[in-house]
Amino acid sequence: TAQCQSSVDLPPMKVTLYQYLTCPFCCKTRAFLEYYGIDFQVVEVNPLSRREIGWSDYKKVPIVIVELDGKDDKQQLNDSSVIISILKTFMVNTHKDLDNIVSYYPLMVTQDANGKEVREIANKHWVMVDLETMSEEYGKRRRAEVKWRKWVDDHFVHMLAPNIYRSQAEALQAFDYITNVQNFGPWEKWAAKYGGSAIMWTIAKRLKSKYQLKDDVRESLYDAANEWLKGVGKKKFMGGSQPNLADLAVYGVLSSIEDFDTFRDLMENTKMRPWYERTKKAVKTHAGAN
Ligand code: GSH
């Protein structure tokens with residue numbers, strides 16, 4: 001059933017994830033849900049028509065819908081980091097109302113230097129805890145967790161597209177895989193494979209300069225991986241003996257490219273593999289559920 005039977009402290013509820021299977025933000029959200037053993041249903045969205053989220057004003061994935069047992073209204077949660085922060089806050093504050101928790105993450109509409117509208121959800125990387133019960137030690141660990149979660153969204157994830165679409169051949173390889181596993185119709189599949197890979201190959205170059213990747217884009221990915229490993233240090237995980245939300249974020253984002261050359265190169269040219277396999281095992285065995 002779709003009822004949440006996890007042993008983490010959450011009331012009975014139905015969780016539905018609207019996603020593209022291979023989107024890094026969706027993979028990040030799934031890593032979180034799986035690690036904590038939270039049952040969820042998946043709705044695979046067609047990336048061209050986005051018909052399945054036609055009812056939503058927010059047009060990106062992931063979107064999570066939470067329906068609490070015995071309550072009529074649904075809560076719509078947008079943005080991977082917001083989804084994760086809200087559900088984690090709910091887990092550590094089950095006495096709190098979900099609506100109340102959602103109100104800690106208000107939508108801020110501002111403008112950038114060019115007058116273009118910018119929509120950002122405030123506090124998106126912060127899990128809300130009771131300050132009175134928070135120890136100094138946890139306060140420190142929490143700040144590090146926030147810092148690295150932010151690093152994943154602001155830096156690490158931007159290393160992916162320029163790498164997986166680095167050359168026309170690699171872009172085609174990526175799209176061959178993506179169009180086979182995602183929700184495309186047969187004609188769309190063909191169009192998306194050849195059209196999409198050509199477009200992404202072009203966009204990848206723009207992203208490369210926007211995020212200031214090195215000429216050899218692999219080098220920038222390896223640099224980011226090494227920065228992460230340095231942060232983990234001698235610990236098993238960034239979170240210590242157990243993964244924290246930053247571990248789950250880095251793992252989740254990387255899991256989206258597991259089948260690509262980029263991933264293989266990353267494993268061969270850095271020391272990421274032991275940490276990656278450890279985190280993957282923790283996620284797949286729902287290690288956070290106990
Ligand atoms: N900050 C968002 C998150 O972390 O969830 C980013 C989500 C995002 O960019 N999703 C992409 C999307 O839905 C798919 S990888 N794009 C559709 C669009 O921008 O129209």
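1. A good place to start is helix α8, where V217, R218, S220, L221, Y222, A224, A225, W228, L229 and V232 are buried. Please keep in mind throughout that this is a predicted model. The length of α8 holds up well: its 16 residues, at 1.5 Å a residue, should span 22 Å, and the end C-alpha atoms are 23 Å apart, which agrees. Directly after α8 comes G233, with a positive phi of about 60 degrees.

2. Staying with α8, have a look at W228, which is buried because its relative accessible area is 0%, under the 20% cut-off. Its partner is W275: the two ring centres are 5.4 Å apart and the planes stand at 75 degrees, so the pair is edge-to-face. W228 belongs to helix α8 (residues 217-232) and W275 to helix α11 (residues 273-284), so the pair ties together parts that are 47 residues apart in sequence. W275 is buried as well, with a relative accessible area of 2%. Both tryptophans are members of one aromatic cluster, together with W148, W151 and F156.

3. The aromatic pairs in the model come to 13. Another of them is W190 with Y194, a tilted pair at 5.6 Å centre to centre and 50 degrees between the planes. These two residues sit in helix α7 (residues 186-210), 4 residues apart, which is about one turn of the helix. How exposed are they? W190 has 57% relative accessibility, so it counts as exposed, while Y194, at 40%, counts as partly exposed.

4. Now to the ligand, whose surroundings are Y20, C23, F25, R50, K60, V61, P62, D79 and S80. Sorted by class, this shell holds 5 nonpolar, 1 polar and 3 charged residues. Which polar groups of the protein approach the ligand? A polar side-chain atom of R50 is 2.8 Å from a ligand oxygen, and a polar side-chain atom of D79 is 2.8 Å from a ligand nitrogen. The backbone takes part too, with a polar atom of V61 at 2.9 Å from a nitrogen atom of the ligand. Taken alone, the ligand exposes 520 Å², and the protein buries 72% of that.

5. V61 deserves a second look, as a cis peptide bond with omega of about 5 degrees joins this residue to P62. Most peptide bonds are trans. P62 is in the loop between β2 (41-44) and β3 (63-68), and both V61 and P62 are among the residues around the ligand.

6. D79 also has a second role to point out: at the start of α2, one of its side-chain oxygens comes within 3.0 Å of the backbone nitrogen of S81. The helix itself is mostly covered, with 12 of its 13 residues buried. Those buried residues are S80, S81, V82, I83, I84, S85, I86, L87, K88, T89, F90 and M91. S80 also appears in the ligand shell. As for geometry, the 13 residues of α2 (residues 80-92) should span 18 Å at 1.5 Å a residue, and the end C-alpha atoms are 19 Å apart, which agrees.

7. A loop residue that is easy to pass over is Q182, located between α6 (168-181) and α7. Is Q182 buried or exposed? With 9% relative accessibility, Q182 counts as buried. The Q182 side chain reaches the backbone nitrogen of L21 at 3.3 Å.

8. Finally, two backbone angles would be worth viewing on screen. Most residues other than glycine have a negative phi. Q212 is not a glycine, yet has a positive phi of about 55 degrees. Q212 lies in the loop between α7 and α8 and, at 69% relative accessibility, counts as exposed. H286 has a positive phi as well, near 50 degrees, and is likewise a residue other than glycine. H286 is in the segment after α11, and with a relative accessible area of 36% H286 is partly exposed.

Technical notes: Residues numbered from 1 in each chain as written. Predicted model: local features only at pLDDT ≥ 70, side-chain atom pairs only at ≥ 80, totals over all residues. Heavy atoms only, no water. Near = heavy atom within 4 Å. Polar contact = N/O pair within 3.5 Å; in protein donor to acceptor, adjacent residues only side chain to side chain. Areas by Shrake-Rupley, 256 points an atom, 1.4 Å probe, with all protein chains shown as cover. Nonpolar A, V, L, I, M, F, W, Y, C, P; charged D, E, K, R; others polar. Expected span 1.5 Å × (residues − 1). Buried < 20%, exposed > 50% of the residue type's maximum accessible area, 1.4 Å probe, protein only. Phe/Tyr/Trp six-rings, centres within 6.5 Å; stacked < 30°, edge-to-face > 60°.
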